[in-house]
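Hi everyone, thanks for making time for this one. I'd like to walk you through a single chain today, so please have a look at the screen before I start talking.

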Amino acid sequence: FRPLPGARGLEEESEGCEGLWELPVECSTRRPECIRYFPKKSCSCITLNLIIYHYDSKTSFLLRTVPLLAACLPEDKCKVLIGRRFSEDKYPDLASVCRNSNTLILYPGAGAANLEEEDLNSSDPYVIIIIDGTWSQAKDIFFKNSLFRIPKQVQLRTSLSSQYVIRTQPTNMCLSTLECAAIALAIMEKNDSIKETVLRPLQALCSFQLQHGAQVHHSKEHLLKNGLYDKPMPKNKRKLRRMELLVNNFKI
């Protein structure tokens with residue numbers, strides 16, 4: 001019997017490793033993953049359902065945030081409907097969703113509860129409805145569709161300034177649809193990383209636009225308070241009163 005070439009070297013190497021085999025081995029654990037096998041830290045998967053009602057006259061505006069939002073979320077978790085009137089006869093599925101006790105509608109007002117203070121511990125999935133459009137368009141949809149006044153009305157209590165700097169917001173506290181959705185999802189899912197993930201495309205959009213000639217837009221409130229508002233003042237008393245309120249009842 002002749003040993004194979006190199007066998008003696010393997011025996012010597014094995015003798016030199018004696019004791020190493022007895023060292024404890026640390027068990028490796030995989031980092032938490034979402035249902036799509038992404039690291040949870042950078043994932044925007046959600047368990048609740050998001051429904052966005054989009055005012056149809058805004059569809060021609062190129063820099064909308066809703067397409068960005070829909071692209072960030074799983075397709076089966078974000079539904080976008082376009083229109084102004086949503087009757088129960090025409091939208092029976094919407095009626096059943098609005099009557100669900102786990103459905104919330106994000107619309108600020110005197111009767112709205114703060115979303116941060118809501119008890120969201122139900123084992124059943126939640127649905128949150130968001131209206132996309134200008135403030136006057138959102139108000140028109142909310143008050144002229146009785147179905148939208150069935151779910152519990154909630155609002156955000158946040159000091160976050162809008163990062164959508166390529167558009168003029170009415171006040172410093174006004175947020176885009178995408179930003180509202182990002183904050184609401186982070187609160188309801190108890191996962192702050194969702195907000196960071198969903199806001200990233202908006203930040204990239206604004207950065208790209210600013211690099212190619214766009215200007216930073218301050219809110220109308222900021223412009224009025226600092227004497228920088230260069231447009232003609234409205235003659236309509238209701239609009240004029242609204243602008244006065246933006247500067248804390250200062251008479252313009």
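Let me begin with a question for you: is Phe143 buried, partly exposed or exposed? The answer is partly exposed, because its relative accessibility is 47%. Please keep in mind that we are looking at a predicted model. We'll come back to Phe143 in a moment, once we have the overall layout.

So, the overview. The chain has eight helices and six strands. Going along the sequence, they come in the order α-β-α-β-α-β-β-β-α-β-α-α-α-α. Of the 252 residues, 38% are buried. The accessible surface is about 16,400 Å², and carbon and sulfur atoms account for 53% of that. For those of you who like contact maps: take the contacts between residues at least 6 apart in sequence, and 71% of them join residues at least 24 apart.

Now to the strands, starting with strand 1. Five of the six residues in strand 1 are buried, so to speak of it as mostly covered is fair. Strand 1 has partners in strand 5 and strand 2. With strand 5 the pairing is parallel, over six bridges. With strand 2, residues 78-82, it is again parallel, and here five bridges make the connection. Tyr53 is a good residue to click on if you want to see both pairings. Opposite Tyr53 in strand 5 you'll find Ile131, while in strand 2 its bridge partner is Leu81.

Next, my favourite element, helix 5, which covers residues 177-189. How far apart should its ends be? At 1.5 Å a residue, the 13 residues should span 18 Å, and the end C-alpha atoms are indeed 18 Å apart, so the expected and modelled spans agree. Then there is the matter of burial. Helix 5 is largely enclosed by the rest of the structure, because 12 of its 13 residues are buried. Among them are Leu178, Ile183, Leu185 and Met188, and also Glu179 and Glu189. What do these buried residues pack against? The list is strand 1 (49-54), helix 2 (66-72), strand 3 (103-106), strand 5 (127-132) and helix 6 (192-211). So strand 1, which we just met, turns up here again as a packing partner of helix 5. Right after the helix, Lys190 has a positive phi of about 55°.

While we're on helix 5, a word on cysteines. There are zero disulfides in the structure. Cys180, for one, is in no disulfide, and the nearest cysteine sulfur, in Cys174, sits 8.7 Å away. The cut-off is 2.5 Å between the sulfur atoms, so that pair does not qualify. Cys180 itself is buried, since its relative accessible area is 19% and the limit is 20%. Cys206 is buried as well, with a value of 3%.

On to the aromatics, where I promised we'd return to Phe143. The structure has five aromatic pairs. In one of them, Phe86 and Phe148 have ring centres 5.8 Å apart and planes at 45°, so this pair counts as tilted. Phe86 is in the loop between strand 2 and helix 3 (92-98), and Phe148 is in the loop between helix 4 (135-143) and strand 6 (152-155), so the pair ties together parts 62 residues apart in sequence. Both of these phenylalanines are buried. Another pair is Tyr107 with Phe143: the centres are 6.2 Å apart and the planes at 85°, so we call it edge-to-face. Tyr107 belongs to the loop between strand 3 and strand 4 (113-114), Phe143 belongs to helix 4, and they are 36 residues apart. Here the two partners fall into separate burial classes: Tyr107 is buried at 9% relative accessible area, whereas Phe143 is partly exposed at 47%. Ring pairs also link Phe86, Tyr91 and Phe148 into a cluster.

One last stop, in strand 4, where we find Asn114. Asn114 counts as buried, because its relative accessibility is 18%. Leaving out residues up to four places away in sequence, Asn114 touches Gln155 and Arg157. Asn114 and Arg157 are 43 residues apart in sequence, yet their C-alpha atoms are 6.2 Å apart in space.

That's my tour, and I'm happy to rotate the view for anyone who'd like another look.

Notes: Residues numbered from 1 in each chain as written. Predicted model: local features only at pLDDT ≥ 70, side-chain atom pairs only at ≥ 80, totals over all residues. Heavy atoms only, no water. Helix = DSSP H or I, 4+ residues; strand = E, 2+ residues; numbered from the N terminus. Expected span 1.5 Å × (residues − 1). Buried < 20%, exposed > 50% of the residue type's maximum accessible area, 1.4 Å probe, protein only. Contact = heavy atoms within 4.5 Å. Pairing = 2+ DSSP bridges. Areas by Shrake-Rupley, 256 points an atom, 1.4 Å probe, with all protein chains shown as cover. Phe/Tyr/Trp six-rings, centres within 6.5 Å; stacked < 30°, edge-to-face > 60°.
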